[in-house]
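Work through the following exercises with the sequence and the model open beside you. Try each task before you read its solution.

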Amino acid sequence: MPAEAGESAPLIGHVLRPRYSKRLRQHLIAPVNLRHAYAPLIVSCFVTGLIDAGAYNAWGTFMGMQTGNTIFLALGVAGLPADSKHLQWLRSIVAISSFMLGSFIASNITSRFGNTRRLSLILSFLLQGLLILITGILITADVIPQKSPNSDRIFIGIPFLAAQSGAQVAASRALGFSEIPTTVLTSVYNDLASDSRALAKNNPKRNRRLGAAVMMLLGGICGGWLSRLNEGFGIALWASGVIKILLAAAWLWYADSVE
C-alpha cells in the first residue's frame, strides 16, 4: 500500500497542475463584469489629484492635466510669464508627449488582449503602478530632486508619471466609462450642470461623475498637505504606486462578465 500511494502521488500532481493552469488561464482571459468596474477608476481620480498636486508644487508641471501643460507651452512660446520656471515650455512638451506614449502603449495592451478582459486590465494597472514606483525610487535615491523646478534632472521623472496618466485614461476608455476621464474635470462639471436628470434619485452616471470630482479634490488636498513636508512628494508617489498595484490585484477578484 505505501508503495502504491507513493506512485500515485506524482500522477495526481500531474493531473492537478494542468487543470489548475487551465482554470487560471480561463480566469485571466475572461471579461470582467462591468457593474462595479468604475470603482478602480474613481480611486484613480484620487491618485491623479495626489500626484498632480505634488508634481506641480515640486516641478511646476502637471502629470495628468495636459490642458494646463498645453497652456504652459503656449505661454512659453510667447516668453510668458516673465518669471516662468526653467524650461517650462520643454517640460510641457515632454509631459504631453509622454502622456500620449503611455496612452498608446496601454491602449494597445487592452486592444490586444481584449478591452475588458481581466489580464489586460491587470497589465494596464500594473504598468501604471510600476511607472509611479520607479519615479518614487528615483526620488528616494536622490536621482531626481524632491523639490527643484529649475533642475534639469526632473526631466528624468516627468516621462514616467505623465505616461502613467496616459495609461490611466486609456484604461477608463477601454472600460467604457467616458464620464470618468480620471485626469480632468472640465467635461465632468459640464455634464453635471447640463444633465436633465441631475436631481433624479437613480442616476448612476451622475453619481460616478460626483465621485470622480470628490476623489480628485481629496487627492489634491492630500497631495498639497504632503507637499509641505520635505519628503512629501516622494511619500505621495509611494502611496500612489501601492494603490495602483493593489488595484491591479483587485481585478483578480472581479466577477466574470455574464453574457
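**Before you start.** S44 is buried, with a relative accessible area of 0%, where buried means under 20% relative accessible area, exposed over 50% and partly exposed in between, for a 1.4 Å probe and protein chains only. This is a predicted model, in which local features need pLDDT of at least 70 and side-chain atom pairs count only at pLDDT 80 or more, while totals for chains, interfaces and linings use all residues. Residues are numbered from 1 along each chain as its sequence is written, and side-chain values use heavy atoms, with hydrogens and water left out.

**Exercise 1.** Find the element that holds S44, and list the residues that S44 touches, not counting residues up to four places away in sequence.

*Solution.* Begin with the element: S44 belongs to helix 2, residues 39-59, where helices (H or I, at least four residues) are DSSP runs numbered from the N terminus. Next, look for contacts, that is, heavy atoms within 4.5 Å; leaving out residues up to four places away in sequence, S44 touches F125, Q168, T182, K244 and L247.

**Exercise 2.** Take T182 and describe its place, its accessibility and its phi.

*Solution.* First, T182 sits in the loop between helix 6 and helix 7 (186-194). Second, with 1% relative accessibility, T182 counts as buried. Third, the phi of T182 is positive, about 75°, although T182 is not a glycine. To judge that value, recall that most residues other than glycine have a negative phi. D142, in the loop between helix 5 and helix 6, is also a residue other than glycine with a positive phi, near 65°.

**Exercise 3.** Explain why C45 forms no disulfide with C222.

*Solution.* Start from the criterion: a disulfide is a pair of cysteine sulfur atoms within 2.5 Å. The closest cysteine sulfur to that of C45 is in C222, and because it is 14 Å away, it is too far for a bond. The structure accordingly holds 0 disulfides. As for accessibility, C45 is buried at 0% relative accessible area, whereas C222 is partly exposed at 35%.

**Exercise 4.** Check whether the span of helix 4 agrees or disagrees with the expected one, and state what its buried residues pack against.

*Solution.* The expected span is 1.5 Å times one less than the number of residues. Helix 4 (residues 88-113) has 26 residues and should therefore span 38 Å, and its end C-alpha atoms are 38 Å apart, which agrees. Its buried residues, including R91, F99 and T110, pack against helix 2, helix 3 (66-77), helix 5 (118-140) and helix 6 (154-175).

Methods
Helices (H or I, at least four residues) and strands (E, at least two) are DSSP runs, numbered from the N terminus.
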